[in-house]
Amino acid sequence: MLWNDVVYVLLLLLSVAIGPFYRKIEGPRAKQWTGTLLGFALVVCVSGPAVLHPIITVLVNAAIITNLSWKKCHLVSLYFSFFYLLVIFRLGDYFGLSSPPTHTNLVVMILTLKLPGLAFEINSAATAPADDAQGANSDALKKVNFMDIIHYSFGYMGVLTGPYYRYRTYWDSLHRPFSSYVDPWPLTYYKLKQIAAFIVLFLAINHFFSSDYTQTVAFEEHCFLYRFFYMYPTFAGFRLRMFIGMALAECVCQMSGLGAYPTCCQPTPGLGPRNYKTIEKLSLDHEKAKKEEQDFETVHNMNVWEVELTPFVRHTMKMWNTCIQYWMAVCIYKRFPHKGLRTIATLTLSALWHGYAAGYYFCICQVPFYLPLEDICVKFYNQCEENGLGRKAWGFFLWWAKLTCMAYLGVPFQLLRFQEIIHFYKSLYFSGHILGLVVYLVLRVLKTHFLKKHQVEEHKKK
């Protein structure tokens, strides 16, 4: 696994280094072909003969999107992409196919989102009003041909693992002037320094607190408190690994100029500008566009400090892999026909997208069981005086509870296999589940008394 990580980091660093040369290419056509050839070369490098999987995924989706009506191309593309990922690609060894390399899995995973995402953009463009502020029916989607889809799929920016970005974002990077007027190096340099520190920390933590150690006899011989608190540094190592990969992926996009938009247009991760009409106006006035402050929020996939410091699981989930969260929200959650099942359906699909290993489901699908505990804690937190000792105490408790929840559910994400996960939970006597239930029941009782007291005091004041 560590060698795969080294190869992954080196390829991403190479992609970062390519950025300044790519941005200097004049003409959208030349830049488009250069990005596609570089991206395809990266896919071949990590996949070898397994490159057929991403090729098939792209070609079939391109045929679906360009030949079917906007009314159904998004659904057909979605069903085909996930069928190919979950059955043909991941269960191919049952059909006599060889197991694909790890990095090919990442390539096909991001294509499984990008291609149906494009189809959903086309569907939204067909039904959007002409005055839509977010520009769902922008020029980017007026005429998407077969080769446009090939270029979007294999562009080297994000081809290995993301972040997810819309077709319109890709089109804007070629046809809008903003990438020519932004200097991405200061932000990239800041992130590269962070990444260097994260790599050092990751190597140290991975050496001393490996998740595999939880399966050994030596681990079981330690006292319960050691076994319980061991999950905190173990999960810290996992977070650092994710931070490194996602920050590097962001740097690749930044250095290529993809995702650069004026801040006045309110860019957000995944979506891009909320005020797209201003983007269209600024694109016609290059002198004014040069003076605008720009950012790369559109491809900001992981807000590290928000993830680390926020005391709330809900907010942490929104800040974690934000561009993928956007895709899940727009393509699945908001469009799922049964409102009561939206959360379950979205989380289940997210787990399936990651793979079949039990650890994905133990981690992702158990999160909703923690949220009622957090919701009741938040009520206590909100009723405390602003900046008071009570609110600070509740804030610290919420932060600790969030960290404990994520670590307790995050270790299975690393172990993956069902037997190993149960072995780990048994070594902790399922204390995370028991502790969460006990705290929830206690807070339910306290909430009743607190709210009564609070209501009486408010009544007396009146």
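Q: Angles under 35 degrees count as roughly parallel, over 145 as roughly antiparallel, 65 to 115 as roughly perpendicular and the rest as oblique; at what angle do helix 1 and helix 10 cross?
A: Roughly 20°, with the axes (lines fitted to C-alpha atoms over the stretch in contact, angles 0 to 180 degrees between N-to-C directions) coming within 7 Å. Helix 1 and helix 10 are therefore roughly parallel. This is a predicted model, with local features needing pLDDT of at least 70 and side-chain atom pairs 80 or more, while totals for chains, interfaces and linings use all residues. Numbering starts from 1 along each chain as its sequence is written, and side-chain values use heavy atoms, without hydrogens or water.

Q: Which residues of helix 1 and helix 10 make the contact?
A: Helix 1 (residues 2–23) contributes Asp5, Tyr8 and Val9 among others, and helix 10 residues include Arg241, Ile244 and Gly245. Contact means heavy atoms within 4.5 Å; helices are DSSP runs (H or I, at least four residues), numbered from the N terminus.

Q: And helix 4 against helix 5, what angle?
A: About 170°, axes 7 Å apart, so helix 4 and helix 5 are roughly antiparallel. Residues meeting there include Cys73, His74 and Ser77 in helix 4, and Thr104, Asn105 and Val108 in helix 5.

Q: Switching to Cys377: buried or exposed?
A: Cys377 is buried because its relative accessibility is 2% (buried is under 20%, exposed over 50%, partly exposed in between, 1.4 Å probe, protein chains only). Cys377 sits in helix 18, residues 367–383.

Q: What does Cys377 touch?
A: Trp394, Phe397, Leu398 and Leu443, leaving aside residues up to four places away in sequence. Arg444 is 67 residues from Cys377 in sequence, with a C-alpha to C-alpha distance of 9.5 Å.

How values were computed:
Helices (H or I, at least four residues) and strands (E, at least two) are DSSP runs, numbered from the N terminus.
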